[in-house]
Amino acid sequence: MKLKLKELRKTLYIFATEKTIGFTLISIFLGLVVGAIFLAAAGFNPFQAYWVMLLGVFSKPSYISYTIIRATPLILTGLSIAFAFKTGLFNIGAEGQFIIGSVAATAAGYFLHLPLLIHIPVVIISAVLAAGIWGGIAGYFKAKFGVHEVISTIMLNWIALYFQNFLIYTKGFQKPGGETSYSIQPTANMMILKTWKQSEAGREWLLQHPFWKDLLRTPMNWGFVIAILMAILVWFILNKTALGYRLRAVGFNKFAAEYGGINVNKNMIISMFIAGALAGLAGALQVVGVSHKVTLIAAMEGYGFDGIAVALIANSNALGCILAGLLFGALKYGGTKIQMFPVKAPSEVINIVIGSIVFFISIPKLIKVILTRKNKKEGTK
Amino acid sequence: MGYENVTQSLTKVIEMKNITKKFGDFVANDSVNLDVFKGKVHALLGENGAGKSTLMNILYGLYSPTSGEILINGKKVDITNPNIAIEHGIGMVHQHFMLIKPFTVAQNIILGREPISKLSVLNMKKALKDVKEISERYGLYVDPNAKIEDISVGMQQRVEILKALYRGAEILILDEPTAVLTPQEIIELIQIIKNLTKEGKSIILISHKLKEIIDAADFCLIIRRGKHIDTVVVSETDEEGLASKMVGREVSFVVAKDHKEAGEEIFSIKDLIVKDNRDIIAVNKLNLSIKKGEILGLAGIDGNGQTELLEAITGLRKVESGKIMINGEDITNNTPFQVISKKISHIPEDRQKRGLVLEFDISENTILENYYKEPFAKKGILQYNNIQVYAKELIDKFDVRPREESKMARTLSGGNQQKVIIAREVSNNPDLLIAAQPTRGLDVGAIEFVHKSLIEQRNKNKAVFLISFELDEIMNVSDRIAVIYEGKIVGIVDAKDAEIETLGLMMAGGGNK
Ligand SMILES: Nc1ncnc2c1ncn2[C@@H]1O[C@H](COP(=O)(O)OP(=O)(O)OP(=O)(O)O)[C@@H](O)[C@H]1O
Ligand SMILES: [Mg+2]
């Protein structure tokens with residue numbers, strides 16, 4: 001008990017001295033200020049715009065639900081990047097791992113015919129494995145040939161993107177006449193109360209309960225719960241397990257890890273596998289919970305890149321990724337609201353707001369990162 | 001004559017008054033006073049963790065003091081960052097160097113103060129000329145066009161000193177400059193210090209080696225656990241006097257060691273060939289064997305294959321050919337993991353690169369090789385309670401200061417970092433303990449303790465392989481001494497019969513056997 005208290009005190013001490021939370025809040029505030037300046041310069045009333053955004057996120061149950069749905073994949077890609085980062089790797093490849101995850105989920109969801117309670121886990125596990133292997137490839141290249149993971153994952157992103165588009169034009173997978181795949185089987189659908197919602201009785205009940213009707217209007221699903229569980233799991237693995245010890249040791253100082261008998265190469269591959277699996281899970285949840293299929297994509301959708309920002313905001317803290325993902329989801333979803341009447345701001349302005357928040361958070365953080373990296377190399381005392 | 005009388009006629013360039021520095025609740029400096037005089041060498045002496053580096057980091061603007069004031073040439077100054085320190089003519093050479101490895105010597109020296117010709121173009125010619133001029137003036141010879149990564153540690157240190165001088169340093173802080181140097185390089189450094197003071201520069205010298213303080217310093221400030229103990233005139237004292245002031249008790253420099261008959265051979269190396277980073281043969285058909293219950297010392301000048309030999313034994317470097325055996329098992333080209341599991345422990349030469357994960361706390365560092373085993377982990381889950389209990393035990397036994405197992409390794413003093421490594425490796429209770437420069441950066445008290453630990457290990461009938469540049473250490477602690485030269489063992493002598501001259505001759509390649 002006494003030890004636990006001490007641990008808590010240590011965490012709090014780090015919290016207070018590093019001022020992470022305070023620092024993050026200030027950055028968010030500065031980002032909003034800069035966004036406001038841009039809004040004003042473009043001829044919009046920033047107060048009105050932010051008010052509309054706020055209402056657009058919180059004023060209805062369905063809005064909150066949409067925000068959470070938006071946030072779910074970002075939490076997971078954020079976790080993927082944060083996890084890799086804690087183990088000394090920079091996973092730019094969450095984007096491609098997300099794609100592989102969603103393609104694998106769609107394939108398993110459409111081609112396999114399984115009973116209800118088994119189908120979803122099978123779909124998710126296949127997606128996680130496929131994306132894990134996709135991430136693991138980058139780890140393997142680094143371990144075997146010394147190819148930097150940033151370079152290999154960027155290339156793997158493009159391969160994943162074209163692979164998805166190729167599959168969509170493949171007979172048997174492509175839905176005739178459309179630029180999408182077939183939809184997954186109903187047994188693989190993870191939307192909450194999906195059949196009941198559309199049933200006679202369900203519709204009647206909902207008519208009398210407007211709160212629930214509004215809430216269930218959205219593709220609400222279990223993804224968010226899974227994402228939170230994953231954040232806790234990642235935190236647990238990193239901080240409480242022998243595997244986490246090994247991975248962190250490699251991340252902090254691979255020379256010392258090697259000296260201590262830890263197989264650095266193997267652990268780099270494991271780390272990239274787990275990172276890939278997390279991003280792939282994001283893709284899988286998107287398919288089973290929201291989109292139910294994959295579509296032709298012209299460019300990267302940005303789940304992986306937004307995940308980098310989420311990880312930065314969260315300071316690579318697994319539990320922080322939940323909050324950072326929610327913030328990001330809210331900005332993205334709320335942002336769409338100011339495009340509409342009465343503000344009618346162009347979507348670029350929203351991106352500027354988001355961009356400046358990320359900027360203020362990441363610039364000092366990046367500097368911090370660079371400094372600690374440098375310290376590590378030069379070995380200061 | 002006394003400190004007051006001797007210093008009366010001297011010019012004070014720096015006065016640090018009542019400096020206190022706290023890290024949280026921990027008091028690293030407790031109203032310490034330091035005066036530095038023009039053209040004089042002022043030494044700082046104190047046990048590991050006494051607060052020497054902290055005090056100097058305050059003077060150099062890396063830390064701000066909790067209270068106290070600093071005067072430079074009689075004027076009160078506020079040194080909030082190193083640039084201000086540099087403006088006031090203060091230069092610092094850190095315990096661990098801060099050079100850019102792929103740059104040349106000259107590029108590193110001029111960094112941040114580059115001479116510029118018209119159109120803001122870097123004037124490399126002038127830079128080279130300037131560097132040459134300073135280096136000749138103080139006898140600090142370096143090759144300005146060599147890359148940092150290709151030159152020796154001693155040379156790198158010269159570059160650090162030149163860098164400070166190039167920026168106009170009048171007061172030079174040297175934090176344990178000799179810890180990483182070979183005996184020859186130390187002699188050269190002391191000569192350089194003399195040249196500098198002759199030119200009116202003032203030096204602050206931190207060292208654990210009392211002999212160097214006696215040889216090089218005029219005054220010596222003694223700190224114990226952050227507290228100011230005394231400032232003495234070096235010519236009026238001796239090594240014993242300094243040591244007892246510093247530790248607060250008598251220290252024995254030579255550890256008592258009973259004769260012990262060595263047992264059977266436990267470890268052997270046969271015709272070992274190992275290449276270095278540049279693919280040149282560094283260990284050349286080396287043969288060696290160590291018996292149970294003996295300490296084999298390896299003497300030699302830096303760069304004769306010691307590093308490569310150790311890395312080859314411990315699985316960190318590939319063996320080209322030859323054979324390494326322990327307890328009758330072949331461990332040639334085993335992985336570090338396999339080597340460790342054959343009960344070989346290793347105190348590495350480079351503590352910050354290999355020995356510690358600086359971002360881990362002390363307790364996490366104590367289980368680096370055993371984190372996955374019971375009682376530290378059960379079914380893959382770390383058992384923090386057990387880890388902490390174990391870390392506390394080690395901290396107590398090896399006197400790591402402060403006694404806080406949750407302290408991050410990065411924030412430990414250099415000597416205490418070393419103690420954590422030694423504690424971990426000795427506690428693994430290995431059949432063969434490889435100790436490379438184990439007392440580097442340790443205070444005399446701690447050195448005494450480490451030597452005792454090595455001897456205790458031997459008395460338990462274990463084998464110890466001690467590698468050190470300090471001939472004194474090798475001669476005092478070892479049972480047998482092997483001398484390495486150009487990757488070969490050129491001679492083995494019994495420590496009882498060893499003479500410093502013969503060893504020196506063999507180390508320089510004049511061996512007989
Ligand atoms: N940034 C820091 N945070 C917390 N504690 C620190 C920090 N820097 C130093 N300390 C503590 O202050 C004390 C003094 O450290 P310092 O490095 O000055 O010792 P030192 O006299 O130079 O020792 P050594 O001879 O081993 O180098 C140590 O106990 C160290 O753990
Ligand atoms: Mg120090």
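This note goes through a sheet in chain B, a second set of strands, the contact of chains A and B, and some backbone features.

1. Basis. This is a predicted model, in which local features need pLDDT of at least 70, side-chain atom pairs count only at pLDDT 80 or more, and totals for chains, interfaces and linings use all residues. Residues are numbered from 1 along each chain as its sequence is written, chains are lettered from A and ligands numbered from 1 in the order in which they are written, and side-chain values use heavy atoms, with hydrogens and water left out.

2. The six-stranded sheet. Chain B holds an open sheet of six strands with mixed pairing, in the order S18-S21-S22-S15-S23-S24. Helices (H or I, at least four residues) and strands (E, at least two) are DSSP runs, numbered from the N terminus. Two strands pair if DSSP finds at least two bridges between them. Strands S18 (344-347) and S24 (488-494) of chain B are the edges; each pairs on one side only. From one strand to the next the twist averages 20°.

3. One edge in detail. S18(B) runs parallel to strand S21 (residues 432-436) of chain B, and four bridges join them. Here Ile347(B) stands opposite Ala435(B).

4. Helices on the sheet. Helix H10 (residues 306-313) of chain B packs on the sheet and touches S15, S18, S21, S22 and S23 of chain B. Contact means heavy atoms within 4.5 Å. The direction of H10(B) makes about 150° with that of S22(B). Helix H16 (residues 444-459) of chain B lies across S15, S21 and S22 of chain B, also at about 150° to S22(B). Axes are lines fitted to C-alpha atoms, for helices over the stretch in contact, and angles run from 0 to 180 degrees between N-to-C directions.

5. Strands S1, S2 and S4. Eight bridges join S1 (residues 12-23) and S2 (residues 26-37) of chain B, which run antiparallel. Lys22(B) stands opposite Val27(B) in S2(B). Two residues lie between the strands of this hairpin, where Gly24(B) takes a positive phi near 65°. S1(B) also pairs with S4 (residues 67-72) of chain B, antiparallel, over five bridges. In that pairing Met16(B) stands opposite Ile70(B).

6. The contact of the chains. Chain A gives 28 residues and chain B gives 44 residues. The buried area is about 3,300 Å², with 55% from carbon and sulfur atoms. This is the accessible area (1.4 Å probe) that two parts lose on being put together, summed over both. Two salt bridges cross the interface; the rule asks for a side-chain nitrogen of Lys or Arg within 4 Å of a carboxyl oxygen of Asp or Glu. Glu258(A) and Arg354(B) meet in a salt bridge at 2.7 Å, N to O.

7. The side of chain A. Several elements give two or more residues to the side that touches chain B, including helices H1 (2-18) and H17 (347-378) of chain A. H12(A) gives the largest share, six residues.

8. Backbone points to check. The peptide bond from Glu374(B) to Pro375(B) is cis, with omega near 0°. Pro375(B) lies in the loop between helix H13 (362-365) and strand S19 (377-378) of chain B. Another cis peptide bond joins Arg401(B) and Pro402(B), with omega about -5°. Pro402(B) sits in the loop between helices H14 (384-398) and H15 (414-427) of chain B. Asp271(B), not a glycine, has a positive phi of about 45°. Asp271(B) is in strand S13 (residues 265-275) of chain B.
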